[in-house]
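Biologist: I'm new to this one, and I'd like a close look at a single part rather than a tour of everything. Could you pick one strand, walk me through its surroundings, and then step back a little?

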Amino acid sequence: MVINLAKELSILDEQQITEELRTENIEIDLLISAIKAKIGYDLSGYARASIKRRFGQLAIDENVKYIGELIPKLLHSHQCQSNFINRLTVNVSALFRHPISFLSLRETILPYLASFPRRDIWIAGCATGEEAYSMAILLEEVGLLNNTQIHATDINTDVLKQAQTGVLTKGLNKEDAARYQASGGTLSLSHYFSTAYNKQKLSQHLLDHISFSHHNVLQDKVFCSAQLVMCRNVMIYFDLNTQNSALSLFHNSLVQNGYLVIGEKESLLNSPFNNVLKTINEPAKIYQRKSIENV
Amino acid sequence: MSDFRMFIGGSAGSIAPISSILSSLPADFNMIVTVVIHASADSKTSMTETLANNCKLTVIEISDKEKPIPNTVYVAPSGYHLYVENNEVFSLSVDKKVHFSRPAIDVTFTSAAEVFGKYCIAILFSGANEDGAEGLLNVKRHGGLTIVQSPASSQVSIMPQSAIDNGAASKVLLPIEISDLLLNYNDLA
């Protein structure tokens with residue numbers, strides 16, 4: 001009876017809808033193959049629903065009706081090739097996003113990392129740089145900036161160019177200030193930025209401790225050996241298998257007892273890495289690579 | 001477990017009717033319920049806690065790639081778009097806002113429509129913008145059941161009215177009628 005009611009209300013033929021969806025899935029698969037063959041990026045491990053929406057948006061921007069029509073553009077338009085991946089991988093960020101995580105880093109994790117003579121911190125998927133800027137500010141405040149190198153990487157060369165300048169894409173606002181304070185900050189956030197032409201730029205002595213590089217966590221090797229790896233709101237774009245490949249890369253890049261920080265709504269609960277990463281603070285999403293004798 | 005999946009969307013003025021409908025559902029409702037409500041990111045009380053009050057079903061905020069189980073209400077986290085993947089796990093994204101909103105109801109309803117087709121029940125409540133209307137139309141196009149809170153009973157009528165205007169509404173009902181319909185669905189399923 002329920003099914004009959006649902007049928008009665010349907011306005012398009014079920015077969016027609018199924019066929020539309022099937023065709024669109026073919027187009028998505030073909031476009032993914034074309035991207036891999038033409039420009040070398042493998043998007044097959046991306047979460048299907050969100051990559052589909054991004055393809056759909058690109059089709060609208062390119063003024064074509066079907067996702068499949070992006071294929072000839074990708075193959076034959078030089079301009080389209082050069083920015084295809086950048087247009088598909090734009091991520092947003094913010095200063096001191098997920099403050100309780102930064103608070104835990106300030107109070108618990110960084111004091112431990114102070115015992116190392118020098119530190120390497122890898123921010124994987126740095127987007128427009130806010131995460132790396134926040135980390136530099138935090139390190140400055142706990143007195144560890146001097147012997148620390150922050151390596152900020154992203155797949156998207158456009159956002160890297162932006163991040164490198166140290167200039168914020170959006171001006172400082174009261175939400176930024178509130179998150180900074182919730183992260184344990186006691187100064188004014190504007191203390192770390194200079195303002196010119198209505199734009200704010202991170203102080204040069206902080207920016208000097210951050211290097212920005214192109215890196216694809218799905219296809220490139222371990223970027224550096226690090227005491228701390230932070231990768232937030234990147235793995236949400238991957239399917240479960242691909243998340244595990246990324247976690248494997250992060251695990252391999254961590255020194256023994258090094259820390260991994262993931263996004264607020266990301267989870268290791270159903271992951272095999274639950275066994276080799278010890279939960280330090282679940283709400284803060286901070287985990288530690290177990291030393292070999294404890295595995 | 002019921003084959004049907006319920007998706008609920010709302011914005012300004014929607015928390016009270018959604019809360020009341022969820023609290024009317026029995027603990028063995030057996031259908032997975034997903035809720036997307038616009039909330040200001042700096043709101044002090046958590047949406048999940050508000051909805052869990054008086055609700056006999058377990059109410060939890062969604063984590064990325066979570067696999068839903070029955071008798072549970074899943075709430076989209078503030079600041080993330082929510083999708084249903086084809087293998088039926090949830091996924092999240094921080095892509096740009098849609099209708100100035102993240103989560104956007106259009107995003108979730110559209111992906112739910114494509115995955116669940118005629119087994120999708122989508123309900124749109126009070127709200128002050130047009131988010132949800134397009135998503136609801138997609139649910140209808142894919143054979144799902146679409147219900148809109150009657151504009152007259154909505155604290156802010158823009159959202160339900162937009163859905164009615166674009167032809168997305170299969171039924172326009174009062175909150176109490178929506179409760180009754182859902183309870184009967186459970187009896188039939």
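Modeller: Happy to. Let's settle on strand β6 of chain A, residues 226-231, which is mostly covered: six of its six residues are buried. Keep in mind as we go that this is a predicted model.

So what sits alongside? On one hand there's strand β1 of chain A, residues 119-124, which pairs with β6(A) in the parallel sense over three bridges. If you want a spot to zoom in on, find A:I121, which stands opposite A:L228 in β6(A).

The other partner to look for is strand β7 of chain A, residues 254-262; β6(A) and β7(A) also run parallel, and five bridges link them. Here the pair to click on is A:M230 and its bridge partner in β7(A), A:V261. To get from β6(A) to β7(A), follow helix α11 of chain A, residues 240-253: strand, helix and strand together make a right-handed β-α-β unit.

Now zoom out to the rest of the chain. Chain A has eleven helices and nine strands, and 39% of its 295 residues count as buried. Its C-alpha trace spans about 65 × 50 × 40 Å along the principal axes. Among contacts in chain A with a separation of 6 or more, 75% are between residues 24 or more positions apart.

Where does our strand fall in the domain layout? The domain assignment splits chain A into domain 1 (2-88) and domain 2 (99-294), and β6(A), at residues 226-231, belongs to domain 2. The C-alpha centres of domain 1 and domain 2 of chain A are 32 Å apart. Where they touch, domain 1 of chain A puts in seven residues and domain 2 of chain A eleven. The domain 1 side of that contact is made of three nonpolar, three polar and one charged residue.

There's a neighbouring chain to look at as well. The contact between the chains takes 27 residues from chain A and 31 from chain B. On the chain B side, several elements supply at least two residues each, including α3 (105-116) and α6 (175-188). By type, that side of chain B divides into twelve nonpolar, nine polar and ten charged residues.

While you're there, glance at α3(B). Twelve of its twelve residues are buried, so α3(B) is largely enclosed by the rest of the structure. From first C-alpha to last, α3(B) reaches 16 Å, close to the 16 Å expected. Just after α3(B) comes B:G117, with a positive phi of about 50°.

How values were computed: Residues are numbered from 1 along each chain as its sequence is written. Chains are lettered from A and ligands numbered from 1 in the order in which they are written. This is a predicted model: local features need pLDDT of at least 70, side-chain atom pairs count only at pLDDT 80 or more; totals for chains, interfaces and linings use all residues. Helices (H or I, at least four residues) and strands (E, at least two) are DSSP runs, numbered from the N terminus. A residue is buried if 20 or more other C-beta atoms lie within 10 Å of its own, exposed if 12 or fewer, and partly exposed in between; C-beta atoms are placed from the backbone. Two residues are in contact if their C-beta atoms, placed from the backbone, lie within 7 Å. Domain bounds come from an automatic or database domain assignment. Ala, Val, Leu, Ile, Met, Phe, Trp, Tyr, Cys and Pro count as nonpolar, Asp, Glu, Lys and Arg as charged, and the others, Gly among them, as polar. The expected span of a helix is 1.5 Å times one less than its number of residues. Two strands pair if DSSP finds at least two bridges between them. A crossover is right-handed if, with the strands pointing away from the viewer, the path from the first strand over the helix to the second runs clockwise.
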